[in-house]
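Student: I have a model open and would like to go through some of the labels people put on it. Can you take me through them?

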Amino acid sequence: MGKFIINKTKTGYTFALKASNGETIGIGGEVFSSLESCKNSIQSVIKNAPEANFEDQTVEGYEAAKHPKFELYNDKAGEFRFRLKARNGEPILAGEGYTAKASCKNGIDSVRRNVVDADIVEPEE
């Protein structure tokens with residue numbers, strides 16, 4: 001089972017999704033001005049990730065998938081990355097760079113598995 005770790009920064013709140021082994025699977029798409037808005041974004045990830053469509057943008061002539069969706073793409077460094085977009089098209093979670101496409105797909109599968117029943121760990125005040 002995964003967990004969402006909320007961090008308090010100088011300008012607001014951020015979150016990361018961690019696997020049961022402690023590895024970071026994905027990070028939230030922005031710095032949130034309030035704890036409540038950060039938690040709302042986490043709920044959006046929990047709701048959208050398990051059933052999100054898949055869009056492989058590394059394939060020439062790929063077919064656009066409906067939102068919510070995971071987008072697999074190449075970054076400027078040539079690494080494979082993914083991002084989860086909500087029903088409204090806003091990015092809500094981003095993955096790290098992977099050298100292998102299969103590893104990036106495994107990252108997406110890990111998000112799908114780990115958001116189910118994930119704990120939410122709030123920062124200590």
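Student: Which residue of strand 2 does N7 stand opposite?

Tutor: T14 is the one facing N7. Before we go on: this is a predicted model, where local features need pLDDT of at least 70, side-chain atom pairs count only at pLDDT 80 or more, and totals for chains, interfaces and linings use all residues. Residues are numbered from 1 along each chain as its sequence is written, and side-chain values use heavy atoms, with hydrogens and water left out.

Student: What makes strand 1 and strand 2 a pair?

Tutor: Two strands pair if DSSP finds at least two bridges between them. Strand 1 (residues 3-8) and strand 2 are joined by six bridges, so they qualify, and they run antiparallel. Strands here are DSSP runs of E with at least two residues, helices are runs of H or I with at least four, and both are numbered from the N terminus. The two strands form a hairpin with four residues between them, and G12 in the turn has a positive phi of about 155 degrees.

Student: How do you know that strand 2 also pairs with strand 3?

Tutor: There are three bridges, again antiparallel, and one of the matches puts A16 with I27 in strand 3. That hairpin has five residues between its strands, with G22 in the turn at a positive phi of about 90 degrees.

Student: What makes strand 4 and strand 8 the edge strands of the sheet?

Tutor: The open sheet has eight strands in the order 4-5-6-7-3-2-1-8, with mixed pairing. Strand 4 (53-56) and strand 8 (119-121) each pair on one side only.

Student: Why is the pair of F15 and F32 called stacked?

Tutor: Rings of Phe, Tyr and Trp (its six-membered ring) pair if their centres lie within 6.5 Å; planes under 30 degrees apart count as stacked, over 60 as edge-to-face and the rest as tilted. F15 and F32 are 6.2 Å centre to centre with 20 degrees between the planes, so the pair is stacked. F15 lies in strand 2 (residues 13-18) and F32 in the loop between strand 3 (24-28) and helix 1 (35-48), so the contact ties together parts 17 residues apart in sequence. F4, F15 and F32 form one aromatic cluster.

Student: How do you know that F15 is buried?

Tutor: Buried means under 20% relative accessible area, exposed over 50%, and partly exposed in between (1.4 Å probe, protein chains only). F15 has 3%, so it counts as buried. F32, at 7%, is buried too.

Student: And why is the pair of F70 and F82 called edge-to-face?

Tutor: The planes of F70 and F82 are 70 degrees apart and the centres 6.0 Å apart, so that label fits. F70 sits in strand 5 and F82 in strand 6, so the pair links parts twelve residues apart in sequence. Both F70 and F82 are buried. Strand 5 (residues 69-74) and strand 6 (residues 80-85) pair antiparallel over six bridges, and L72 stands opposite F82.

Student: What makes the link between D75 and R81 a polar contact?

Tutor: A polar contact is a pair of N or O atoms within 3.5 Å; within protein, one must be able to donate a hydrogen and the other to accept it, and residues adjacent in sequence count only if both atoms are side-chain atoms. The side chains of D75 and R81 meet at 2.7 Å, so the distance passes. D75 belongs to the loop between strand 5 and strand 6, and its side chain also reaches the backbone nitrogen of E79 at 2.8 Å. D75 is buried as well, with a relative accessible area of 16%.
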